[in-house]
Amino acid sequence: MVPQRVSLLTIGAYNLPVLRSFYNSLGWDQTESSSDDYAVFKTAGVLLSIFPIAELAKDSGVEFSSPPETFRPVTFAINVEKPDQVDSTIEQIRQVGGIITREPSNAFWGGRTAYFADPEKNLWEVAWNPSSVFDERGAMISF
């Protein structure tokens with residue numbers, strides 16, 4: 001059986017220093033395994049890594065040619081414990097130069113949601129789901 005977990009998410013970066021700076025400006029801590037060529041950030045649930053896109057393509061055995069101006073067909077999510085945290089989180093992201101693609105609003109499913117993009121157009125959702133359950137580390141364990 002394949003273990004049912006997500007341990008690490010990696011973003012292929014066109015400009016690693018710019019992305020590293022953006023995530024640092026969010027107040028996120030890097031792990032000791034970060035280096036000049038690789039950044040790893042601690043989160044409550046998984047580790048988020050940033051790796052040069054050419055190296056990621058070589059490592060994975062694929063070609064990648066999508067320009068950084070286009071949105072990639074994947075989203076990441078930051079789920080929060082209270083609805084007003086969606087608004088305050090988006091405001092903090094706006095202050096450090098995040099691209100707000102959807103302002104905070106109530107969702108049809110009963111929660112609150114907003115979207116932003118980092119400097120290389122990786123999409124992030126900030127969401128509050130009224131049925132979400134978090135563990136003591138802040139990792140969402142169900143919804």
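Phenylalanine 116 makes a good starting point: setting aside neighbours within four places in sequence, it is in contact with Phe22, Ile78, Ile90, Ile93, Ile99, Ile100, Thr101, Asn122, Leu123, Trp124 and Val126. Phe116 is also among the residues with the most contacts inside the largest nonpolar core. Please keep in mind that this is a predicted model. Its chain holds 3 helices and 9 strands, and the notes below move from the core to the whole chain and then to two loop residues.

**The nonpolar core**
- The largest nonpolar core consists of 22 residues, and Tyr23, Ile50, Phe116, Trp124 and Val126 have the most contacts inside it.
- Two or more residues each come from β1 (8–13), α1 (16–25), β2 (39–41), β3 (47–52), β4 (75–80), α3 (83–95), β6 and β7.
- The top contributor is α1, which gives 4 residues to this core.
- As general background, nonpolar side chains in soluble globular proteins tend to be buried together.
- Two of the core residues with the most contacts, Trp124 and Val126, also appear in the list of residues that Phe116 touches.

**Fold and overall dimensions**
- Following the sequence, the order of elements is β-α-β-β-α-β-α-β-β-β-β-β.
- The radius of gyration of the chain is 16 Å, which agrees with the value near 15 Å that a compact globule of 143 residues would have.
- Along the principal axes, the C-alpha atoms fill a box of roughly 40 × 40 × 25 Å.
- Among contacts with a separation of 6 or more, 51% are between residues 24 or more positions apart.

**Surface and charge**
- Buried residues make up 36% of the 143 in the chain.
- The chain has an accessible surface of about 8600 Å², and carbon and sulfur atoms account for 54% of that area.
- There are 11 positive and 18 negative charges, and the mean positions of these two sets lie 3 Å apart.

**Two loop residues to look at**
- Lysine 121 sits in the loop between β6 (112–117) and β7 (123–128).
- The backbone of Lys121 has a positive phi of about 70 degrees, although this residue is not a glycine.
- Serine 132 belongs to the loop between β7 and β8 (133–134).
- Is Ser132 buried or exposed? Its relative accessibility is 15%, so Ser132 counts as buried, the cut-off being under 20%.
- Apart from residues up to four places away in sequence, Ser132 touches Asn79, Met140, Ser142 and Phe143.

Note on methods: Residues numbered from 1 in each chain as written. Predicted model: local features only at pLDDT ≥ 70, side-chain atom pairs only at ≥ 80, totals over all residues. Heavy atoms only, no water. Rg over C-alpha atoms; globule rule 2.2 N^0.38 Å. Buried < 20%, exposed > 50% of the residue type's maximum accessible area, 1.4 Å probe, protein only. Contact = heavy atoms within 4.5 Å. Areas by Shrake-Rupley, 256 points an atom, 1.4 Å probe, with all protein chains shown as cover. Lys, Arg positive; Asp, Glu negative; His and termini not counted. Charge placed at Lys NZ, Arg CZ, Asp CG, Glu CD. Core = buried A, V, L, I, M, F, W, Y, C linked by side-chain atoms within 4.5 Å.
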